[in-house]
Amino acid sequence: VRKSTGECLVDMSRSMMILVNINESAKINALRRQTLIPIAETLLADANKFVRHGMMQFLGPFLASFYPFVYSALRTILPGTSESDGSNHSGIVAQFFPHASSMVSRLNSSAAATTSAPTPTLSSIDIPQETPLIKELQQTLPSFVHTGRASSISLKAVVAHRRKDPPDPEDVQAVMGKLLDHFTGLARVNTGDDNTDAEMRVYCAYSYPAVVLLLGRENWEGRLKDCFKTLLNPNFGSETSNDPVAPPLPVKRCLASSLHTVAHILGPVIAANDIMPIFRDHFLSDTDESVRLNMIRNFPTLVSLLERPLRNQYIVQWCETIRGEEVLGAMKRSATNPLVLNWRQRDFVSRCLPDLIVMVDAVFAYNQLWPILKLVLTDTISLVRQDAIWAIPILLKTFSMDNILDAEGTASHKAKEMWSAGACQEVINWLKDTILKLSNGSKGKGSASKAGNFSQRQLYCQVCTATALAIRFGDGLKDPDDPVMELESRYLTALQKKTRKFQSKNMDPTEPSPMENANI
């Protein structure tokens, strides 16, 4: 019974939050502090170890439940369903409060309705909808672009909400005074069972971002910071041994997946002074596949907090790691190497390149990121190449004169113009020589068959498509002489001629033309 009581505290705390009204929030919060926190303290000191361990398991989610998320603007930004009163009980919890997703779903009475088929309405019965051109263009972007943008918006929304509507100061003081020591103690818990100790450290690492969100950057120094370092090095602060000890692998994986979230919550100053050195020393060169994937995937979000000089330093270190033997350098060795078969990390490199290119100047992108882009564009896996092409139009835009930094002020306008034209021409020539293999194609009969295989020609067409789409997102929508529209018109005219020619030779004249049924 006592163990079950500890497991229900999170649900009880969230249930009390649902009861909060604007005029009664202080009263409900006080009742929750005075009732639930003493129960948690009693269970943490229980004589039975199963009761204590059960409360330790749910301690992080219980602390996170004191964050006021129900009545917030986040319900219009983050995913999740809404109750009849307009409150949202799952969005922010499911994404930023680990362990609590299944718990809060039981509080959401409308969850069942979201899994059933929608009821037809007049607006959903075959009524033609006119989609704006910008929406049509956005739908052509790859899914990872939409996912990355949604994740970035959600993270910024959480940080903005924490700054605008902070938790109740009395709740924060009560948590810090009575329960924070118990939570940070999970990082160095010693129950006599190594498996139990490792499990408790995983619970601590899993809930750590939510606890940081509750307490905020003003309470980072001291126990929160020491807890983070202890999770990474169990011997941190030990009086008996100063030698670093590797943490349990699940702990490091949890911290790697949430490091960028913690950095954004704490802000750019703390991120630069405390988080980035930890990233460099503990995560950047880690050999575990999961840690490395998170290091690649979340790196643009992490370094976006930094000022340009410091950001460039870490991007250079990241590029050296990516080009090293553990990631892209593995492709140069035998195919029997298992790293060659692990294409996912190379795909994440392709996906994060556009976000990194927009953060740097033209010369930096040419020296550091363009070599990596060339490697992933020639990868043996089709998906890696297809995701890499979306960085090409951004790279060409970065090579414009406006993005050429001249720290000494000695470069003339003509010199910048020549460098920009030369860099863009190098990219175009490389695409033709490497993808289309035009420089290797022999002249005369049969030369077309030697100018790259069909997949390479298809990849080049996809590069052109991504570039044309970037033009449309830029000034193309406002330009009456849009070159992409002119190219589309020529393409349709040529396609219609080919179709009529094919129809006259191979099809019954009574059958409808494919152009009549195609929606191009």
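In this predicted model, the side chain of Asp-46 makes a polar contact with the side chain of Arg-2, at a distance of 2.7 Å. Asp-46 is placed in the loop between α2 (25-44) and α3 (49-57). Its relative accessible area is 12%, and a residue counts as buried when this value is under 20%; Asp-46 is therefore buried. When residues up to four places away in sequence are not counted, Asp-46 touches Arg-2, Val-51 and Arg-52.

A view of the whole chain helps to place such details. The secondary structure of the protein chain comes to 28 helices and zero strands. The chain has 520 residues, of which buried residues make up 44%. Among contacts between residues at least 6 apart in sequence, 66% join residues at least 24 apart.

Helix α1 (residues 2-18) contains Ser-15. Is Ser-15 buried or partly exposed? The relative accessible area of Ser-15 is 27%, and the range from 20% to 50% is described as partly exposed; Ser-15 therefore belongs to the partly exposed residues. A polar atom of the side chain of Ser-15 lies 2.7 Å from the backbone oxygen of Asp-11. Ser-15 also shows how sequence and space can be compared: Ser-65 is 50 residues apart from Ser-15 in sequence, while the two are 9.8 Å apart in space, C-alpha to C-alpha.

Leu-180 offers another case of this kind. The residue is found in helix α11 (residues 180-184) and has a relative accessible area of 1%. Because this value is under the 20% limit, Leu-180 counts as buried. Leu-180 and Gly-60 are 120 residues apart in sequence, and 9.4 Å separate them in space, C-alpha to C-alpha. Which residues does Leu-180 touch, not counting those up to four places away in sequence? They are Val-175, Val-211, Leu-215, Arg-223 and Leu-224.

The next step is from single residues to a pair of helices. The axes of helix α13 (residues 220-232) and helix α15 (residues 268-283) come within 12 Å and cross at roughly 10°. Angles under 35 degrees count as roughly parallel, and α13 and α15 are therefore roughly parallel to each other. On the side of α13, the residues that meet α15 are Trp-220, Glu-221, Lys-225, Phe-228 and Leu-232. Their partners in α15 are Ile-270, Asp-274, Ile-275, Ile-278, His-282 and Phe-283. The residues of this contact divide into seven nonpolar, one polar and three charged.

The largest nonpolar core has 118 residues, and Tyr-208, Trp-318 and Leu-373 touch the most other members. Helix α12 (residues 194-215) gives the most to this core, with ten residues. Leu-373 touches Leu-353, Ala-388, Ala-391, Ile-392 and Leu-395, with residues up to four places away in sequence not counted.

Trp-430 completes the path through the structure. This residue lies in helix α24 (residues 413-436). Trp-430 counts as buried because its relative accessibility is 17%, which is under 20%. Lys-374 is 56 residues apart from Trp-430 along the chain, and their C-alpha atoms are separated by 8.7 Å. Leaving aside its neighbours within four places in sequence, Trp-430 is in contact with Lys-374 itself, as well as with Trp-370, Leu-377, Thr-378 and Ile-435.

Methods
Residues are numbered from 1 along each chain as its sequence is written. This is a predicted model: local features need pLDDT of at least 70, side-chain atom pairs count only at pLDDT 80 or more; totals for chains, interfaces and linings use all residues. Side-chain values use heavy atoms; hydrogens and water are left out. Helices (H or I, at least four residues) and strands (E, at least two) are DSSP runs, numbered from the N terminus. Buried means under 20% relative accessible area, exposed over 50%, partly exposed in between (1.4 Å probe, protein chains only). A polar contact is a pair of N or O atoms within 3.5 Å; within protein, one must be able to donate a hydrogen and the other to accept it, and residues adjacent in sequence count only if both atoms are side-chain atoms. Axes are lines fitted to C-alpha atoms, for helices over the stretch in contact, and angles run from 0 to 180 degrees between N-to-C directions. Angles under 35 degrees count as roughly parallel, over 145 as roughly antiparallel, 65 to 115 as roughly perpendicular and the rest as oblique. Contact means heavy atoms within 4.5 Å. Ala, Val, Leu, Ile, Met, Phe, Trp, Tyr, Cys and Pro count as nonpolar, Asp, Glu, Lys and Arg as charged, and the others, Gly among them, as polar. A nonpolar core is a set of buried Ala, Val, Leu, Ile, Met, Phe, Trp, Tyr and Cys residues joined through side-chain atoms within 4.5 Å.
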